Amino acid sequence: ALKAALSERHSFGNLIGKSKPMVELYELLEKVAPTKANVLITGESGTGKEVVAKAIHHNSPRVDQSFVAVNCSALSESLLVSELFGYEKGAFTGASSSGRAGRFELANKGTLFLDEIGEMGPSTQVTLLRVLQERTLERVGGGGKLIELDVRLITATNRDLKAEVENKRFREDLFFRLNVVHVKLPPLRERLDDLPLLVDHFLEKFGREKNARLTVNPEAMRLLYAYGWPGNVRELENVIERGLVLCSGSEIMPADLPEELRKRETATVLPPAETAAHPASPSAVPTWPARAPAGADADMGPTGPTLGTPQAATDIGPGLGFIPQAIAILPERVVLNDAVSALEEAMIRKAMVLGDGVQSRAADLLGLRRNVFKYKWDKYSEQDPTELSVFLSAVVPDGGDLVSVLATFEEELLRKALAKANGVPNQAADLLGIKRNIMPYKLKKYPKLLSFDAN
């Protein structure tokens, strides 16, 4: 029963997330897990490196053998050597027992996971390299007695090991031994589409522990989307647990969230597009070519269903009146993610122009933390403007809360698609070029759409 529970918990399908980065991760792990290849997992702190290591082990032929984990940063170099490779009686002061098997021996026939491998000292690196090359080890004080090993090694670090090699702090030959397959984990800010799934997972986890059923208030959810998540999934887990402890009703409210999530930088929000100094008049709105963008659903065909021309958007807040114009100039068969990314790109590029190329000014215009803006700008500055973002730039305002703008834009696209599909989510997903199994999570992100009435 325990093995079945572990297999279910760590199977690739149960790693939380269905965003594009996570789907690509699953595809890589499915190829890697059945092999004997050493794996190097990199990613920021809190992205779940050990979870992935366990998933690889539990989907490998070694699943019935031991999974042994060691945190290399938690031990001094001398202790780490004896912990990894074991010792014989009398090998050093205090080694008075009959000796002790190291973690390599305990993981024989199974998997050894070395976390924070970048913290390993030079002499331990030399010993580890020899063990990997020879597939044998000698315990500390072992007198030349060799122990044969069959261990699958998985390592992880939040450091840039290539930079460590260039700076002579990590051995190049060991790096190549460890980096047979490189698995890079995306930070949470790069896969915010997974936020509702992760929140649901943690609500269920902590609710089960406390015998409570909770939800997250829509305004609190908006704050979760707006946050930069430097601590990644681990930080999100802590935030949800805190919210469950502090909330007084059945909903986690904004007041139940940590101060850093509730405190937004004051944005320089300029007038709405329709009242700005230079509004985009209907005659100035470009006409998009009568074709679908790259990536649209191939099976819809030129005569398939289309999103249609939207009417005036409803319940759109101040500063968001340009959204109906933006939707009106989209291709008839728009891919939802492409449209949202193009609008984000158009607003970010315009903010950089208005800010005279100074990122801090552009971040203030869009109500973003500066490190978040830098991440987004780096993504778009490395490529030419997309055709769709160029068209949208004709109607975007000169500033505003980017998070709110993108959320409202996506919500309106979903609303229009549902209206065109007579309220059938699967048909709406087809219209927007997204997978049908993603649609429930998109709708859950916007509670008003869950009770959508096509009439």
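## Helix packing and stacked rings

Helix H4 (residues 77-85) packs against helix H6 (residues 122-134) at an angle of about 15°, and the two axes are 9 Å apart. Axes here are lines fitted to C-alpha atoms, for helices over the stretch in contact, and the angles run from 0 to 180 degrees between N-to-C directions. That puts H4 roughly parallel to H6; the label covers angles under 35 degrees, while over 145 is roughly antiparallel, 65 to 115 is roughly perpendicular and the rest is oblique.

A quick word on where this comes from: it's a predicted model, in which local features need pLDDT of at least 70 and side-chain atom pairs count only at pLDDT 80 or more, whereas totals for chains, interfaces and linings use all residues. Numbering starts from 1 along each chain as its sequence is written, and side-chain values use heavy atoms, with hydrogens and water left out.

**The whole chain**

The chain has 21 helices and nine strands, both taken as DSSP runs numbered from the N terminus (H or I, at least four residues, for helices; E, at least two, for strands). Of its 455 residues, 47% count as buried. Buried means under 20% relative accessible area, exposed means over 50%, and partly exposed is in between (1.4 Å probe, protein chains only). Take the contacts (heavy atoms within 4.5 Å) between residues at least 6 apart in sequence, and 75% of them join residues at least 24 apart.

**Back to H4**

H4 and H6 cross in a right-handed way, which is to say that the near helix is turned clockwise from the far one by less than a right angle; anticlockwise would be left-handed. On the H4 side, Glu77, Leu80, Val81, Leu84 and Phe85 do the touching, and they meet Pro122, Ser123, Thr124, Thr127, Leu128 and Val131 in H6. Sorted by class, this contact has seven nonpolar, three polar and one charged residues. For those classes, Ala, Val, Leu, Ile, Met, Phe, Trp, Tyr, Cys and Pro are nonpolar, Asp, Glu, Lys and Arg are charged, and the others, Gly among them, are polar.

H4 also has a run of buried residues: Leu80, Val81, Ser82, Glu83, Leu84 and Phe85. Their cover includes S2, H5, S3, H6 and strand S4 (136-137). Right after the helix comes Gly86, with a positive phi near 80°.

**Aromatic pairs**

Rings of Phe, Tyr and Trp (its six-membered ring) pair up if their centres lie within 6.5 Å; planes under 30 degrees apart are stacked, over 60 edge-to-face and the rest tilted. The count by this rule is five aromatic pairs. One of them is Phe67 with Phe113, a stacked pair because the planes are at 20°, with ring centres 6.2 Å apart. This pair ties together distant parts of the chain, as Phe67 is in strand S2 (residues 67-71) and Phe113 in strand S3 (residues 111-115), 46 residues apart. Phe85 and Phe104 are stacked too, at 5.6 Å centre to centre with 10° between the planes. Here the link runs from Phe85 in helix H4 to Phe104 in helix H5 (residues 103-106), 19 residues apart.

Here's how accessible these four rings' residues are:

| Residue | Relative accessible area | State |
|---|---|---|
| Phe67 | 21% | partly exposed |
| Phe113 | 1% | buried |
| Phe85 | 2% | buried |
| Phe104 | 2% | buried |

**H14 and its two partners**

H14 (residues 336-354) packs with helix H16 (residues 370-381) at about 105°, axes 10 Å apart, so H14 is roughly perpendicular to H16. The contact brings Ser341, Glu344, Glu345, Ile348, Arg349 and Met352 in H14 up against Phe373, Lys376, Trp377, Lys379 and Tyr380 in H16. By class, that's five nonpolar, one polar and five charged.

With helix H18 (residues 402-420), H14 packs at about 150°, with the axes 10 Å apart, and the two are therefore roughly antiparallel. This crossing is right-handed. Leu336, Ala339, Val340, Leu343, Glu344, Met347 and Ile348 in H14 meet Leu402, Val405, Leu406, Phe409, Glu410, Leu413 and Leu414 in H18. The split for this contact is twelve nonpolar, no polar and two charged.

**A glycine in H11**

Gly243 is in helix H11 (residues 232-246) and is buried, at 0% relative accessible area. Leaving aside residues up to four places away in sequence, Gly243 touches Ile252 and Asp256. Val216 is 27 residues from Gly243 in sequence, and their C-alpha atoms are 8.9 Å apart.
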